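Hi,

Here is the structure I said I would pass on. Have a look at it, and then read my notes underneath.

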Amino acid sequence: MFKHTIFSPHNFYPYFCTKLIKICHIAPAYRTIWQLFNINVTTLISAENLGHSYHDHWLFKNLTLGINQGRRTALVGVNGAGKSTLLKLFAGKFLPTEGKVVQSRDLRAGYLEQDPSFDKSDTISDYIFHSDNKQQQLIRKYEELLENDPDNTKAIDQVTEELSNSNAWEYEYKIKTILGRLDIHHLNQRIDTLSGGQKKRLALAKLLIEEPDLYLLDEPTNHLDIETIEWLEKLLTEGNKTILMVTHDRYFLDNVCNQIIEIDNGKIFSYNGNYGYFLEKKAEREAVSEAEFQKNSNLLRKELEWMRRQPQARGTKSKARIDAYYDLEEKTKNAGPKARVELSVKTARQGNKILELHHLQKAFNGHELMHDFNYVFKKGDRIGVAGKNGSGKSTLLNLITGQIEPDKGEIKKGETTVMGYFHQGGMVFKEDERVIDVVKNVAEFITMADGKTISASALLTLFLFPPKRQYGFIANLSGGEKKRLQLLQILMKNPNFLILDEPTNDLDIDTLNVLEEFLTNYTGVLMLVSHDRYLLDKLTDQLFIMEGNGKVNIFNGNYSSWRYEQEALKQQIKAEGAVQKKEISAPVKKSRLSFKEQKELETLEKDIAQAELEIKSLTEKLNSGAADHQQLAETARLIENLTVDIDKKSLRWMELTELGES
């Protein structure tokens, strides 16, 4: 109840000063603000004139930015824009082609890769615990004893005493909580036996345990179930963490980040606010950019006519105008409306009988994932599949698609049902194969939703693979581009029963928005497994909740509706339990608090809870970016006062609580 995020000046002042400078357009305002608040903002890491290229293709050039302490920043942009590359440059994985990355002295940066490597570690224990950290080695010894030799009470008692002497119990609880939340339990398990998802969670666990000064996170929500993502959101927003991350999860972006940096055509655009604020301001910027592009294009046409009419001998004034022409041509070269993926393939005709599941049962290694499950699919079904990792979500999809057989029961598929299955693991492409050959192997020509037929090359262009990219090798594609190519292959078969298993992994947000638009208008049956709560909310109206004990709970509604119902049920059970406990409990030992002190304690609890709510509300107002500089200053002052007040009342609450229990 008393865990509250103290709103640090580092969270607010950089944003406030940037906004004020934009309003005033004068450098002295910047100095005045820092003098007014008498603070120093530390830039932990910065890029100076950074440029990087792959295979003669520049991702970005002359890029300059800094990450200030306390900022929780997300990098967004289309696949191939250079987001993951920029993270790797900041993590020091390789050197940039141009420019440099500068770190503050003694900076401890923690980097979570998309596909972590574990070259020097054999077991989970080897990887998690540092050999030079005494507390960690004691915790390792304690946990391994409990797992491998629980009857050795003498050894356990000895290490327990050492843990107490080292004040390591709180640290042990923190490590155990993080490992448990990320479903990591057997510390002596060899890392080479883990799946890709388990390895990603293990790398995330180590980073969270180490608590670096700077968190560099590449797709941190991949391979996490929704419950764990919500826990991670709370953890990352506690305290004054500095984060630079790449993620496609829009709810996660909105709840965690207070700064968005967009990489667009090799340039960066910074937005001081959460994801909702970014969308609003980006739309405004693009509207201005479009108007400017149209103006420049019209002027360029006039200048081009003038250039063609000019005689060979040109004077000084003509030379200046020629230079202006080339400047204008450069401005319009990469501007204008952005290309976007187009999804409009045909859907096969669907009969009355689609798919029937009768008394399905499936177990692995004695663990039952599905018991006597029945369902008859109907036209227009839009079903989300949710549940913890390992609860059987992918198993259900593999049963439906015939990848595996049920232990009992039967699956009846309609004659006209054409399935398209987007695997979580992705398709295996030959690295030396060309992109266009991958598509031509399916079909040379494809029928679109409007009945028109187009070539494989034209379809690739609609999916943002220009001709130059089409004849490039698969090895040169980013992870997101490979996923986009996989999606294209599936849609080419005109499925009327579409199954998507974690489709959001590695796709950029722009592509996700187009995919959502397509799926919203999709007329076939849709089954969706995703940890993306936004996607589940928008695209599904029914859920299969995999409870992990063989039971599949069918819920009519989207994910947010189900979560709301679950929270209401928890509160009801908690309230009933409290009443029951009160009725059967033995007489409580008389408190040492006076009547006045008891009343003060109750008042403090209410006041602290109310102040926490006010801070949350004011913080959301601050991050929205809608207020002017005077309102921002007043909001910051209120937050600071509330924070000081909470600290004082929390100390008094602890004093009274200890007095009452003594």
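**Salt bridges**

Glutamate 567 and arginine 563 join their side chains in a salt bridge, at 3.1 Å from N to O. (A salt bridge here is a side-chain nitrogen of Lys or Arg within 4 Å of a carboxyl oxygen of Asp or Glu.) Both residues belong to helix 20 (residues 559–584), where they sit four residues apart, about one turn of the helix. Helices (H or I, at least four residues) and strands (E, at least two) are DSSP runs, numbered from the N terminus.

Before going further: this is a predicted model, where local features need pLDDT of at least 70 and side-chain atom pairs count only at pLDDT 80 or more, while totals for chains, interfaces and linings use all residues. Residues are numbered from 1 along each chain as its sequence is written, and side-chain values use heavy atoms, with hydrogens and water left out.

Back to that pair. Glutamate 567 counts as partly exposed because its relative accessibility is 31%, and arginine 563 is partly exposed at 22%. (Buried means under 20% relative accessible area, exposed over 50%, and partly exposed in between, with a 1.4 Å probe and protein chains only.) Both residues also belong to a network of salt bridges that links Glu230, Glu233, Asp249, Arg533, Arg563, Glu567 and Lys570. The whole structure has 26 salt bridges.

Two others are worth pulling up on your screen. Arginine 250 and aspartate 532 meet through their side chains at 3.3 Å, N to O. Arginine 250 is in helix 10 (residues 250–256) and aspartate 532 in the loop between strand 18 and helix 19 (533–539), so this salt bridge ties together parts 282 residues apart in sequence. Arginine 250 is buried, at 3% relative accessibility, and aspartate 532 is buried at 0%.

The other salt bridge pairs glutamate 211 with lysine 174, at 3.4 Å from N to O. It links distant parts of the chain, 37 residues apart: glutamate 211 is in the loop between helix 8 and strand 6 (214–218), and lysine 174 is in helix 7 (residues 169–181). Glutamate 211 is partly exposed at 41%, as is lysine 174 at 21%.

**The nonpolar cores**

A nonpolar core is a set of buried Ala, Val, Leu, Ile, Met, Phe, Trp, Tyr and Cys residues joined through side-chain atoms within 4.5 Å. The largest has 52 residues, and those touching the most other members include Ile128, Leu182 and Met245. Helix 8 (residues 196–210) gives the most to this core, with seven residues. Apart from it lies another core, of 42 residues, among them Phe518 and Leu536.

**The sheet**

There is also an open sheet of six strands, in the order 14-17-18-12-19-20, with mixed pairing. (Two strands pair if DSSP finds at least two bridges between them.) Which strands stand at the edges? They are strand 14 (419–422) and strand 20 (552–556), each with a single partner strand, so one side of each has no neighbour in the sheet. Strand 19 (residues 542–546) runs antiparallel to strand 20, joined by five bridges, and glutamine 542 stands opposite asparagine 556.

Helix 17 (residues 479–491) packs on this sheet, touching strand 14 and strand 17, and its direction makes about 170° with that of strand 14. Contact means heavy atoms within 4.5 Å; axes are lines fitted to C-alpha atoms, for helices over the stretch in contact, with angles from 0 to 180 degrees between N-to-C directions.

Cheers

How values were computed:
Two strands pair if DSSP finds at least two bridges between them.
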